[in-house]
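Student: I'd love to walk through this fold with you, one piece at a time. Could you put the structure up first?

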Amino acid sequence: MPVPAVPLRHGTGVEGLTIPQLGFGTYKIDDDDAQRAVSQALEVGYRHIDTAQMYGNEAGVGRALAASALPRDDLFITSKLNNPYHRRADALRTFDETMDRLGLDVLDLFLVHWPLAASEGIDLVETWETMGEILSTGRVRAVGVSNHQPAHLRRIIEATCLTPAVNQVELHPYLRQDELRALHAELGVVTESWSPLGRARLLDDPDLARLAADLGVTPAQVVIRWHLQHGLVVIPKTVHVERMRANADVFSFTLDARSMGLIDALDRGLRTGSHPDEVQV
């Protein structure tokens, strides 16, 4: 499965690091099922696996990685710092725990899961400084953020001079995030899409259904292809192997300018998950 890769320009500890543009998400996959699902994804051809402390399935992901015969250098593994652990000592401790659960010596990407900018006792800048400290150990190749708004990004960059490699945010045709993506382009931050199918809401969209029928593909394939053609990193999630295969079969067709414009026009500012300003501890 030939998957294009996007260069990571900032927030890295190694030269020439890239991230596969198509990955496999593991949100809401139980730890007991994670080994099977990730093992199947690796068999299908996925090489980019996304997990998080919050998901509670790092150990299952780690078991799948350990059972795989794939060379470590062929894989790109992401995890994320959980909300209760933003203080320096907690972040350092739980990063060690993440590495133990995943069974890795070096992680490819570690993200701050939510900004928690208004949470009492949490300092956005201190958390990001701690991420820089983790990067300096050489035990992670890149650090980034998730769900950070423009003000959050500007604040941490101005305070630390360390630009995140990635900002992983809810993004799909119903929520294009144009302002945020423009800032990412200006700063050199890679945009990564979570909930890329709008938690399946897009699969019932009549315009997408017609477009998919014309192309002889599924609505999910159309939406994933839209992400790819916009230069986004995208991590669809499923526990069904046939859908894993379908979600990966998006490199044999392209969307023309008219189709891309039709999908772009579906934007309605619809969030299917929490707004970053509402998630606090």
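Student: How many bridges join strand E8 to E9?

Tutor: Happy to start there. This is a predicted model, where local features need pLDDT of at least 70 and side-chain atom pairs count only at pLDDT 80 or more, while totals for chains, interfaces and linings use all residues. Residues are numbered from 1 along each chain as its sequence is written, and side-chain values use heavy atoms, with hydrogens and water left out. Strand E8 covers residues 166-170 and runs parallel to E9 (strands are DSSP runs of E, at least two residues, and helices runs of H or I, at least four, numbered from the N terminus); two strands pair if DSSP finds at least two bridges between them, and the bridges joining E8 to E9 number 5.

Student: Which residue in E9 stands opposite Val169?

Tutor: The chain crosses from E8 through helix H6 (residues 178-187) to E9. This β-α-β crossover is right-handed, which means that, with the strands pointing away from the viewer, the path from the first strand over the helix to the second runs clockwise. Opposite Val169 in E9 stands Ser193.

Student: Are the residues of E9 buried or exposed?

Tutor: Val190, Glu192 and Trp194 point one way from E9, and Thr191 and Ser193 the other way. Buried means under 20% relative accessible area, exposed over 50%, and partly exposed in between (1.4 Å probe, protein chains only). E9 is largely enclosed by the rest of the structure, because 5 of its 5 residues are buried.

Student: Which are the edge strands of the open sheet?

Tutor: The sheet has 8 strands in the order E3-E4-E5-E6-E7-E8-E9-E10, with parallel pairing. At the E10 end, 2 bridges join E9 (residues 190-194) to E10, and Ser193 stands opposite Val234. Each edge strand pairs on one side only, and these are E3 (24-25) and E10 (233-234).

Student: At what angle do H5 and H6 pack?

Tutor: Pro150, Leu153, Arg154 and Ile157 in H5 meet residues of H6 including Leu180 and Leu183, where contact means heavy atoms within 4.5 Å. Axes are lines fitted to C-alpha atoms, for helices over the stretch in contact, and angles run from 0 to 180 degrees between N-to-C directions. The axes of H5 (residues 150-160) and H6 are 10 Å apart, and the angle is about 20 degrees.

Student: How are H8 and H10 oriented to each other?

Tutor: Helix H8 (residues 219-229) and helix H10 (residues 257-264) pack at about 100 degrees, with their axes 11 Å apart. Angles under 35 degrees count as roughly parallel, over 145 as roughly antiparallel, 65 to 115 as roughly perpendicular and the rest as oblique. H8 and H10 are therefore roughly perpendicular.
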